[in-house]
Amino acid sequence: VEVTLDGSASYDIDGSIASYTWTGTPDPADAQQPTLNLTAGVYTFTLVVTDDMGADSAADTVTITVNAPPTADAGAFRQIDLPAGVTTADVTLDGSASNDPDGTVASYTWTGTPDPDDTVNPTVTLSPGYHTFTLVVTDDRGAGSQPDMVTIFVNQSPVADAGPDQQLDLPASSPVKGPVVASMAVTLDG
C-alpha cells in the first residue's frame, strides 16, 4: 500500500526548515512528504529537521501499521440426506477456517435464509432444497474480509411405494392328473 509520511507540521520559530532527514526501514527519501510502498506490518520512521541556521531538531517518530485483511472461509459445499419421514435438518455452519495473517478474527457476520447467528459455528434449521450462506469476518483492527459463500443442499429421501397388497386365487383344480398350468396377468404399480 502506498503511504505518504508527512513532516509538513515541522517548523522553526526564528527561521525556516532547510532540510528533512527521515530514517526507517524501508529508508524514506529526505523530503517533507516522502512516499513509500509498504506491505502488512508495523513500521517506525524517525524525522529530524534542520533549520536555515544549521540547527537540528530533536528526533520525532511516527508508527505506521499496515493491517492485512482477514480471510473468510464459510466451508465447503455439503449435502445433507434426510431420513424418510424427516422434513428438516439442523445444520451447523463452519467459519472456523477463517483467519487473519497479522492478528485475530474478532467477529463473524453470516447472511442467508434463514438468517444465522453471527458466531463462528451457527446452527440453522433447513428444509429440503439448496441454501446459500455468506460469511464476512472482521479482524481485531477493524478490517473486513471479502465475502465467502457456502451452499448446503438438503436432500429429501425418496419414498418407495410398491402399491397395495394383493391376494390372488389360483383356479380350481381339474380332474386331470399331473401338474396344472395356469396363468394370470398381474400389474404392479410402483
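How many bridges pair β7 and β9, and in which sense? Four bridges, in the antiparallel sense. By pairing I mean that DSSP finds at least two bridges between two strands. Strands here are DSSP runs of E with at least two residues, numbered from the N terminus.

Before going on, the basis. This is a predicted model, where local features need pLDDT of at least 70 and side-chain atom pairs count only at pLDDT 80 or more, while totals for chains, interfaces and linings use all residues. Residues are numbered from 1 along each chain as its sequence is written, and side-chain values use heavy atoms, with hydrogens and water left out.

Back to β9. In this strand, Leu 126 is the bridge partner of Ala 89. The covered face of β9 has Val 124 and Leu 126, and the uncovered face has Thr 123 and Thr 125.

Next, the sheets. As general background, strands of a sheet pair through backbone hydrogen bonds, either parallel or antiparallel.

One open sheet has three strands in the order β2-β4-β5, paired antiparallel. At its edges stand β2 and β5 (60–66); each has a single partner strand, so one side of each has no neighbour in the sheet. On average, neighbouring strands in this sheet are turned by 25° against each other, direction ignored. For that angle, axes are lines fitted to C-alpha atoms, and angles run from 0 to 180 degrees between N-to-C directions. Seven bridges connect β4, residues 41–51, with β5 in the antiparallel sense. One position to look at is Thr 46, whose bridge partner in β5 is Thr 61.

Another open sheet has four strands, ordered β6-β11-β10-β8, and its pairing is mixed. Here the edge strands are β6 (78–82) and β8, each with a single partner strand, so each has one side without a neighbour in the sheet. Within this sheet, β10 and β11 run antiparallel and are joined by seven bridges. Thr 132 stands opposite Thr 151 in β11.

Now the interior. Which residues touch the most other members of the largest nonpolar core? They are Trp 110, Leu 126, Phe 133, Leu 135 and Ile 152, out of 17 residues in that core. Two or more residues each come from β7 (89–92), β8, β9, β10 (129–139) and β11 (148–156). Apart from this core lies another, of twelve residues, among them Leu 5, Trp 22, Leu 38 and Tyr 43. A nonpolar core is a set of buried Ala, Val, Leu, Ile, Met, Phe, Trp, Tyr and Cys residues joined through side-chain atoms within 4.5 Å. Buried means under 20% relative accessible area, exposed over 50%, and partly exposed in between, with a 1.4 Å probe and protein chains only.

From the largest core, take Leu 135. Leaving out residues up to four places away in sequence, Leu 135 touches, among others, Ala 72, Gly 95, Ser 98, Tyr 108, Trp 110 and Pro 147. Contact means heavy atoms within 4.5 Å.

Ser 98 sits in the loop between β7 and β8. Is Ser 98 buried or exposed? Buried, because its relative accessibility is 9%. A polar atom of the Ser 98 side chain lies 2.9 Å from the backbone nitrogen of Asp 73. That side chain also reaches the backbone oxygen of Gly 95, at 2.9 Å. Gly 103 is in the loop between β7 and β8 too, and counts as partly exposed because its relative accessibility is 32%. The C-alpha atoms of Gly 103 and Asp 140 are separated by 6.4 Å, although these residues are 37 apart along the chain.

Aromatic pairs next. The whole structure has two of them. One is Tyr 43 with Phe 45, a stacked pair at 6.4 Å centre to centre with 10° between the planes. Rings of Phe, Tyr and Trp (its six-membered ring) pair if their centres lie within 6.5 Å; planes under 30 degrees apart are stacked, over 60 edge-to-face, and the rest tilted. Tyr 43 is buried at 13% relative accessible area, and Phe 45 is buried at 0%.

Last, the peptide bonds. In general, most are trans. The bond from Thr 25 to Pro 26 is cis, with omega near 0°. Pro 26 is in the loop between β2 (17–24) and β3 (35–37). Thr 113 and Pro 114 are also joined by a cis peptide bond, with omega about 0°. Pro 114 lies in the loop between β8 (105–112) and β9 (123–126).

How values were computed: A polar contact is a pair of N or O atoms within 3.5 Å; within protein, one must be able to donate a hydrogen and the other to accept it, and residues adjacent in sequence count only if both atoms are side-chain atoms.
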